[in-house]
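Subject: The structure to look at

Hi there,

Here is the structure I promised to pass on, with my notes on what turned up in it. Please open it alongside this email and follow along.

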Amino acid sequence: MANRLAQATSPYLLQHADNPVDWWQWEPAAFEEARRRNVPVFLSVGYSSCHWCHVLAHESFEDAQTAAYMNEHFVNIKVDREERPDVDAVYMEAVQAATGQGGWPMSVWMTADGEPFYFGTYFPPEPRHGMPSFRQVLEGVSDAWTGRRDEVGEVAQRIASDLAARSLVVGGDGVPGEEELAQALLGLTRDYDERHGGFGGAPKFPPSMVLEFLLRHHARTGAEGALEMAAHTGEAMARGGIYDQLGGGFARYSVDREWVVPHFEKMLYDNALLCRAYAHLWRATGSDLAKRVALETADFMVRELRTAEGGFASALDADSDTSDGGHAEGAFYVWMPAQLREVLGDEDGARAAELFAVTEEGTFEEGASVLQLPVGEPDGDLRARLLAAREERPRPGRDDKIVAAWNGLAVAALAETGAYFGRPDLVERATEAADLLVRLHMDFEAGGVRLHRTSKDGRAGDNAGVLEDYADVAEGFLALAAVGGEGAWLEFAGFLLDMVIDRFRGDGGQLYDTAHDAEPLIRRPQDPTDNAAPSGWSAAAGALLTYAAHTGSEAHRTAAEEALGVVKALGPRAPRFVGWGLAVAEALRDGPREVAVVGPQGDAATRELHLTALMGTAPGAAVAVGEPGSDEFPLLRDRPLVNGSSAAYVCRGFVCDSPTTNATELARKLTD
């Protein structure tokens, strides 16, 4: 018997549609049912590529006796954290405050008013390692509910009140200055792993947004240490097991500090952010390795994550089926020496084992090794043969859900990578994804634009977009506008950013993750820190600033500057967690510069000037291209040809240089 999840658009919820648990989606009717039955609510939050979410489901949610107890004593709600990041954020904050740690699966028991009173993550089917079993927890919560209701109610109200009282102000007077940015760089230097690259110890996450800050800081100040950290980290990750040496693309994180053994799930947001970071690393250094990784990661996204509708799926699972009928993490990706010999023959198999650091002892589990590339470049023939053999293995599952924010990040990455490396096909894929976002995710109404957070199989989900959706989609549109020269994308970005100002911004310039008129939770979520992806707060600041540079809008620039106040406060203290906010602050310090390229469409000189503008490393530069007299972009107004030739105009801080028809001169103007 299918439960209420059968009609969901989330692949994660659909995975639970046949559970014997009588699951509800997050909806008012579920809480009304709990109130009617006078039972607590059990909230289970996870996502489709979460390994331990699958384990908990198999051990407990698929067990008929456990499910019967849950159905009798609770109203059970299942939430995909990627569909409802607002619900996830509010209750994860409660879990972390109560237990000192968090993670997924997240398990929360609450009242019918949404007030939490007991928390946890994964619980085993039997007591182990000092952990109670899931059934013991269920029975303990139920006993407390029936026998100590007043105490439970007091705890729930106190937790809810504590959460509701947490609200951030801007966090500092003014925007980050030279002192704060220098302190942030110093803090990163202290945390830097000089031997292995990256920051901190194990587990080690790819610091894509910090890399963007380091590259921008070097471009603006010439600080060699910043570029060295970025280049060393980029190479270390690209040569490690966190990078798929056969198929391209990055895994979620490394379980060790050496980047050897990854957690094998591949997320769209990681790969979009890293594709763009490596393209920018190449732009700054000319590194062949950075170019290869940027292009291979772009090709991975198109090959393995692109959906029939033209958008990009959320993730690939870490787990997949094994040849003996089992199911294991990393099974699709790891190799043993004997497997290499079987595919390549003895001689080439031995050569591949040396090239990719595959040993008899193994670097992973049961003698298997994760492919690395300690030195040199991959052998194209060996790689192609191994990739073809790997394609015969059972593939990891794919979460086909389209998340607006992450597709915005992918649009930006593919547009810029395609432009830099002469790959118009990548720009076309970016344009198709952007078209899907406009056609399916954006609802135009009298009061502005509303974004749907997700879609699947061409059907928009019911969940409202949050701040990161508006901001990251705007970021993607702005990048596409700069690359393709179509002013409509700037206009669409403006619609979204007007909504940020109107519906997500507080009186002091602070930003909230949900709109003013969103479904009320026990606390309005608000988080300025960059974690796996840019926070909505810092992403909005960046998009607002770029849009203001394009249009001269004082309202959008003011909103960006006020949002950056929190970066002034947090940057010197926690630079690893405000990387994109610091990158935006670098753009603000630089102007950002405004570049208008004017010339006949298809003209070789116009193309050269345009590519030179896009290749400039000036932080956050706004680039517009079009024919003379065009009204596609505000920056093109009153910009004539120069002596009949294509020309580039560069302005910064309300001051404009004389126009140039020379690409070399333009490049100089973008580095001075």
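Helix α18 (467-484) gives the largest share of the lining of the largest cavity, namely five residues. A cavity here is a set of points, on a 1 Å grid over the protein atoms alone, where a 1.4 Å probe fits but cannot get out, and lining residues have an atom within 4 Å of a point. Helices (H or I, at least four residues) and strands (E, at least two) are DSSP runs, numbered from the N terminus. This is a predicted model, in which local features need pLDDT of at least 70 and side-chain atom pairs count only at pLDDT 80 or more, while totals for chains, interfaces and linings use all residues. Residues are numbered from 1 along each chain as its sequence is written, and side-chain values use heavy atoms, with hydrogens and water left out.

**The cavities**

The whole structure holds five cavities of 30 Å³ or more. The largest one has about 430 Å³ of space, where a volume is the space filled by probe spheres set on the points, and grid points are joined across faces, edges and corners. Its lining is made by 29 residues, and those nearest the centre are Arg216, Arg276, Glu416, Gly620 and Ala621. Besides α18, at least two lining residues each come from α11 (268-285), α16 (404-420), α20, α23 (579-590), α24 (604-615) and β18.

**A sheet of four strands**

Strand β18 also belongs to an open, mixed sheet of four strands, in the order β18-β17-β19-β20. Two strands pair if DSSP finds at least two bridges between them. At the edges are β18 (622-626) and β20 (655-656), each pairing on one side only. Inside the sheet, β17 (residues 594-598) runs antiparallel to β19 (residues 647-652), with five bridges between them. If you want to find this pairing on screen, look for Val597 with its bridge partner Ala648, and for Val598 with Ala647.

Is β19 mostly covered or mostly open? It is mostly covered, as five of its six residues are buried. Buried means under 20% relative accessible area, exposed means over 50%, and partly exposed is in between (1.4 Å probe, protein chains only).

On its other side, β19 is joined to β20 by two bridges, again antiparallel. Arg652 stands opposite Val655 in β20. The two strands form a hairpin with two residues between them, and Gly653 in that turn has a positive phi of about 60°.

Helix α20 (residues 536-551) lies across β17 and β18, at about 45° to β18. Such angles run from 0 to 180 degrees between N-to-C directions, with axes fitted to C-alpha atoms, for helices over the stretch in contact, and contact means heavy atoms within 4.5 Å.

**An enclosed strand**

Now turn to β3 (residues 75-80), where six of the six residues are buried, so the strand is largely enclosed by the rest of the structure. In a regular strand the side chains alternate between the two faces of the sheet. In β3, Val75, Ile77 and Val79 point one way, while Asn76, Lys78 and Asp80 point the other way.

Strand β2 (residues 41-46) runs parallel to β3 and is joined to it by six bridges; one of the partner pairs is Val45 with Val79. Strand β1 (residues 23-24) also pairs with β3 in the parallel sense, over two bridges, and there Trp24 is matched with Ile77.

**The cysteines**

How many disulfides are there? There are two, taking a disulfide as a pair of cysteine sulfur atoms within 2.5 Å. One joins Cys50 to Cys53, with 2.3 Å from S to S, and both of these cysteines are buried. The torsion about their S-S bond is about 80°, so this disulfide is right-handed.

The other links Cys651 and Cys656, whose sulfur atoms are 2.0 Å apart. This link is right-handed too, with 105° about the S-S bond. Its two ends differ in cover: Cys651 is buried at 3% relative accessibility, whereas Cys656 is partly exposed at 45%. Numbered in sequence order, the bonded cysteines pair 1-2, 3-4. Finally, have a look at Cys275, which is buried with a relative accessible area of 0%.

Enjoy exploring, and write back with any questions!

Best wishes

Note on methods
1 Å grid on protein atoms, 1.4 Å probe; cavity = no way out; pocket = protein on both sides within 12 Å on 5 of 7 lines; lining within 4 Å.
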